[in-house]
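Please follow this chain from its strands outward to its charged pairs, its aromatic rings and its surface, keeping the model in view as you read.

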Amino acid sequence: MNAFEAPEIDWAVLSPVLVVLAAGVIGVLIEAFVPDRVRRTTQVVLTLAALAGSLTAVVLLWDTVATDGYAFVVDGTFLLTPFTLGIQAVVAILAILGVLVIADRTRTGEDSFAPTAAAVPGTTYEDAAREAGLQQTEIYPLVLFATGGMLLFPATDNLIVLFIALEVLSLPLYVLCATARRRRLLSQEAAFKYFLLGSFASAIMLFGIALVYGFAGTVSLEGALLALAHPESPVLELMPALAIAGVLLITVGLLFKIGAAPFHTWTPDVYQGAPTPITGFMAACVKAAAVGALVRVVFTLALGLDEPLRRDLEVGFWAVAILTMLVGTVAGAVQTDVKRMLAYSSIAHAGFLTVAFVGFSETGAQAVLFYVLAYGLATLGAFAVVTLVREQDADGVVLGEATHLSQWAGLARRSPWLAAAFSLFLLSMAGIPLTAGFIAKFEVFSAAVAAGAWPLAVLGVLASAVAVFFYVRLIVLMVLTPPTEETEDVTEAAGPEPSPAGASPTGASADGAAPATGTLTAAEATRARAAVVVVRSRGLATTAIVACAVGVVLLGILPQVALDWASQAATFRPLQP
């Protein structure tokens with residue numbers, strides 16, 4: 001009998017992921033043993049320290065990995081390339097800023113999360129938990145586990161580990177989406193939709209992995225690359241379409257996570273229903289991690305495809321990019337809810353990112369790395385602003401976020417600095433010069449032109465021009481439109497005649513959709529009578545907004561340092577067949 005030989009593991013290579021996952025385990029123990037009065041502070045400090053430690057580990061590993069080209073553990077089960085480290089750095093930075101927004105509270109001491117997420121909305125149990133001042137600090141271990149999965153997602157050569165990383169990052173997010181303090185039914189509906197559609201996407205991806213194993217006899221990306229480059233296998237000779245089918249199914253699972261069309265349908269509902277800090281965390285961090293994994297898988301396997309199959313894969317990305325940009329810009333232009341508008345903006349940006357994939361080149365990888373950083377900063381900042389614009393009833397009680405566009409009229413008069421920051425983030429998303437978004441889009445479209453896909457770049461520019469409309473519309477509303485008088489809102493909402501959905505000041509029901517009957521529900525009438533206030537942050541959300549604004553400006557005015565870093569990170573090459 002052969003004796004088992006334990007593999008040698010370089011734990012330093014694993015440190016960016018291990019630090020975060022270990023902190024998540026410690027966070028679970030804190031929930032059990034640390035007293036209530038200090039539990040929240042302990043969790044916040046632990047979470048921020050773990051993410052800062054992960055970012056420090058990435059920095060310390062950079063020189064070694066950049067010099068050697070890669071570092072791996074257990075035959076590629078964990079594989080670090082400069083590009084992977086770049087994605088991990090972006091995820092860690094965005095996660096730190098996201099946690100600042102998650103941990104923020106209003107001047108009344110309330111955060112964005114229900115005191116007991118498992119309680120049935122509207123029950124006496126939920127009311128009692130709220131009156132008792134319970135706080136749901138389990139949020140922070142869940143965020144750490146999700147971030148650990150994101151750090152692992154682009155850092156493996158093994159497709160089974162890739163799938164495990166997908167589940168590790170997804171399962172906590174399914175729970176987090178259902179934890180909103182306000183509009184509880186909408187939050188739970190969003191979580192269920194995300195879970196259901198995410199399960200289908202995971203199953204499709206797993207089926208693709210099975211097909212790759214069927215023709216390659218391995219779940220290693222490098223092994224699949226060698227099988228594609230040297231197709232002596234009778235399976236490939238008899239069924240060459242098996243290879244492209246496996247690659248496409250894995251790609252579909254990854255495209256779902258970045259919200260690319262036609263796999264985008266979950267995005268608007270989930271972004272609207274989830275707690276706003278979680279929405280920002282998902283929009284920035286998950287997209288960065290998923291794009292990194294997509295680059296890792298597709299760019300590697302594309303090297304082994306022959307010219308016809310490679311061309312088929314490129315055509316597929318052409319179609320996805322065009323459809324995603326079209327859906328994101330056209331649907332985003334007609335939205336009346338700020339969170340849904342930002343959701344369709346996220347879909348449009350997924351299309352812009354996909355443009356860089358055509359050609360599967362290092363130039364495209366560089367553009368992708370810079371883009372996810374620029375987009376992540378603007379998106380996190382925008383959602384952080386949304387958390388501070390709230391509704392307030394006649395008794396002075398602060399309610400949920402004021403998300404209908406009409407409620408943002410005259411925001412610059414209430415809070416000039418907040419309106420200025422939000423305008424900066426919107427201009428960056430629109431790709432206006434002197435912002436990070438302009439440089440990011442220029443790099444993406446340049447990568448497409450370099451790959452010979454100039455028509456796709458032209459379509460991207462046109463889509464960007466259309467997207468400018470709904471960004472600038474909101475800026476004009478905040479700056480140039482006077483705030484709607486509360487008395488007018490009350491008259492419209494409480495009139496004796498049923499009002500059409502489009503005439504209501506909110507234009508949506510309490511769950512974010514127009515009433516099917518064309519009349520205002522009681523919850524919607526309450527929202528219509530609510531005044532709009534800018535709540536004071538206790539400092540954490542403000543810090544995140546300022547950091548995001550500074551990052552957007554610096555990347556727009558002085559982008560060369562970040563571009564050089566992205567260029568160095570994109571020089572990875574998978575092992576040649």
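In this predicted model, a good place to begin is the hairpin that strand 3 and strand 4 form with five residues between them, where Gly396 in the turn has a positive phi of about 85 degrees. The two strands of this hairpin, strand 3 and strand 4 (residues 398-401), pair in the antiparallel sense over two bridges, and within that pairing Gln392 stands opposite Val398 in strand 4. Strand 3 also has a second partner, since strand 3 and strand 5 (residues 531-534) are paired in the antiparallel sense over four bridges; there, Glu391 has Val532 of strand 5 as its bridge partner.

The side chains of strand 3 can be read in the light of a general pattern. In a regular strand, side chains alternate between the two faces of the sheet. In strand 3 (residues 389-392), Val389 and Glu391 point one way, whereas Arg390 and Gln392 point the other way, and all of them are buried. For Glu391 the relative accessibility is 2%, and because buried means under 20% relative accessible area, this residue counts as buried.

Glu391 also leads from the strands to the charged pairs. Side chains of opposite charge can pair when their charged atoms come close. The side chains of Arg183 and Glu391 meet in a salt bridge, with an N to O distance of 3.9 Å. This pair links distant parts of the chain, with Arg183 in the loop between helix 6 and helix 7 (184-216) and Glu391 in strand 3, 208 residues apart. Which degree of exposure does Arg183 have, buried or partly exposed? Arg183 is partly exposed, with a relative accessible area of 24%, while its partner Glu391 is buried at 2%.

The count of salt bridges comes to 11, and another of them joins the side chains of Asp157 and Arg296 at 2.8 Å, N to O. Here too the pair links distant parts of the chain: Asp157 lies in the loop between helix 5 (139-152) and helix 6 (159-176), and Arg296 lies in helix 12 (residues 276-304), 139 residues apart. Both Asp157 and Arg296 are buried.

A further salt bridge is formed where the side chains of Asp269 and Lys193 meet at 2.9 Å, N to O. Asp269 belongs to helix 11 (residues 266-273) and Lys193 to helix 7, so that distant parts of the chain, 76 residues apart, are linked by the pair. Asp269 is partly exposed, with a relative accessible area of 23%, and Lys193, at 27% relative accessibility, also counts as partly exposed. These two residues take part in a network of salt bridges that links Glu189, Lys193, Asp269 and Arg340.

The aromatic side chains offer another set of contacts. A pair of aromatic rings is described by the distance of the centres and the angle of the planes. A search of the whole structure finds 14 aromatic pairs. Among them, Tyr174 and Phe195 form an edge-to-face pair, at 5.5 Å centre to centre and with 85 degrees between the planes. This pair links helix 6, where Tyr174 lies, with helix 7, where Phe195 lies, the two residues being 21 residues apart. Tyr174 is buried, with a relative accessible area of 8%, whereas Phe195 is partly exposed, with a relative accessible area of 40%.

Phe299 and Phe360 form an edge-to-face pair as well, at 5.8 Å centre to centre and with 85 degrees between the planes. Because Phe299 lies in helix 12 and Phe360 in the loop between helix 14 (338-355) and helix 15 (362-388), the pair ties together parts that are 61 residues apart in sequence. Phe299 counts as buried at 5% relative accessibility, and Phe360 counts as buried at 6%. Elsewhere among the rings, a cluster linked by ring pairs holds Tyr174, Tyr194, Phe195, Phe256, Trp266, Tyr271 and Phe383.

Turning to the surface, Ile322, Val449, Trp454, Val458, Leu459 and Leu462 make a nonpolar surface patch of about 550 Å². Helix 19 (residues 454-480) gives the largest share of this patch, four residues. Leu459 has its place in helix 19 and is partly exposed, with a relative accessible area of 36%.

The cysteines come last. How many disulfides does the structure hold? The structure holds zero disulfides. Cys177 is buried, with a relative accessible area of 0%, and Cys285, at 0% relative accessibility, counts as buried too.

Note on methods
Residues numbered from 1 in each chain as written. Predicted model: local features only at pLDDT ≥ 70, side-chain atom pairs only at ≥ 80, totals over all residues. Heavy atoms only, no water. Disulfide = S-S within 2.5 Å. Buried < 20%, exposed > 50% of the residue type's maximum accessible area, 1.4 Å probe, protein only. Patch = residues over 30% accessible without salt bridge, like charges linked within 9 Å, V, L, I, M, F, W, Y side chains within 5 Å. Areas by Shrake-Rupley, 256 points an atom, 1.4 Å probe, with all protein chains shown as cover. Salt bridge = Lys/Arg side-chain N within 4 Å of Asp/Glu carboxyl O. Pairing = 2+ DSSP bridges. Phe/Tyr/Trp six-rings, centres within 6.5 Å; stacked < 30°, edge-to-face > 60°.
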